[in-house]
Amino acid sequence: MNGQVMVLALGNPERGDDGLGPAVAARLQGRLPAGVALRLCAGDVLGLLEEWAGVDVLLCVDASAPQGEPGRIRRLDLAAAGLVPEPALASSHGFGLAEALGLARALGLAPPRIVVHAVEGCRFAAGAPLSAEVAAAVDEVAERMLAEVAGFRRPAGDAGAP
């Protein structure tokens, strides 16, 4: 696929592990290929639905709700797995990513490929810094997202390249 790619970093840097998305976005700044959009969203993702129209690949990064393994990185390919409500998409946002993606699909605005990198958080209090576990995952998630972008932006004749 060689179409429009958008990287969406979700989260509020003033709410502990919810700041994962902005921390990853800071690592990606200046490292994404030309033409790849990088968007930050600190609140309700509904305002981005219309921006998704015409996007071929949406790569999202967000902190997920605590499940007992802080810092665990999960990659969810929603084209392969479908949109299944699961804890990895549970968010501290008012209208979370799972709900926004479901609405986008219902309205015909969802990109054909959606990949979510969710990192399990453990601390979401106002004013708290990233937990050590989530902070340790930031660089790895940024590198994974760069690899995803490179894979989706690969020239059509180069399908077998790593």
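Start by selecting A125: at 43% relative accessibility it counts as partly exposed, a label for anything between buried (under 20% relative accessible area) and exposed (over 50%), with a 1.4 Å probe and protein chains only. A125 sits in the loop between β5 and α5; helices here are DSSP runs of H or I with at least four residues, strands are E runs of at least two, and both are numbered from the N terminus. Keep in mind that this is a predicted model, in which local features need pLDDT of at least 70 and side-chain atom pairs count only at pLDDT 80 or more, while totals for chains, interfaces and linings use all residues. Residues are numbered from 1 along each chain as its sequence is written, and side-chain values use heavy atoms, with hydrogens and water left out.

Now show what lies around A125. Leaving aside neighbours within four places in sequence, A125 is in contact (heavy atoms within 4.5 Å) with E14, R15 and G16. Add D18 as well: its C-alpha is 9.0 Å from that of A125, though the two are 107 residues apart along the chain.

Zoom out for a moment. The protein has 5 helices and 5 strands, and from the N terminus they run β-α-β-α-β-β-α-α-β-α. Of its 162 residues, 44% are buried. Among contacts between residues at least 6 apart in sequence, 81% join residues at least 24 apart.

Next, select β1 (5-10). Here 6 of the 6 residues are buried, so β1 is largely enclosed by the rest of the structure. Turn the view and you'll see V5, V7 and A9 pointing one way, with M6, L8 and L10 pointing the other. In a regular strand the side chains alternate between the two faces of the sheet. Then bring in the neighbouring strands, where pairing takes at least two DSSP bridges:

- β3 runs parallel to β1, joined by 5 bridges; V5 has V57 as its bridge partner there.
- β2 also runs parallel to β1, again with 5 bridges; V7 is partnered by L38.

Move on to α1 (20-28). With 7 of its 9 residues buried, α1 is largely enclosed by the rest of the structure. The ones to pick out are L20, G21, P22, A23, V24, A25 and L28, and their cover includes β1, β2, β3, β5 and α5. Just after α1 comes G30, which has a positive phi, near 80 degrees.

What should you colour to see the largest nonpolar core? It has 27 residues, and V7, L20, V24, L28, L59 and M145 are those with the most contacts inside it. (A nonpolar core is a set of buried Ala, Val, Leu, Ile, Met, Phe, Trp, Tyr and Cys residues joined through side-chain atoms within 4.5 Å.) The elements giving two or more residues to this core are β1, α1, β3, β5 and α5, and α5 gives the most, with 9. Apart from it lies another core, of 21 residues, among them L10, V55, C60 and L97.

For a close-up, centre on L59. Not counting residues up to four places away in sequence, L59 touches V5, M6, V7, L8, V115, M145, E148, V149 and F152.

Last stop: L46, in the loop between β2 (37-41) and α2 (49-52). L46 is partly exposed, at 30% relative accessibility.
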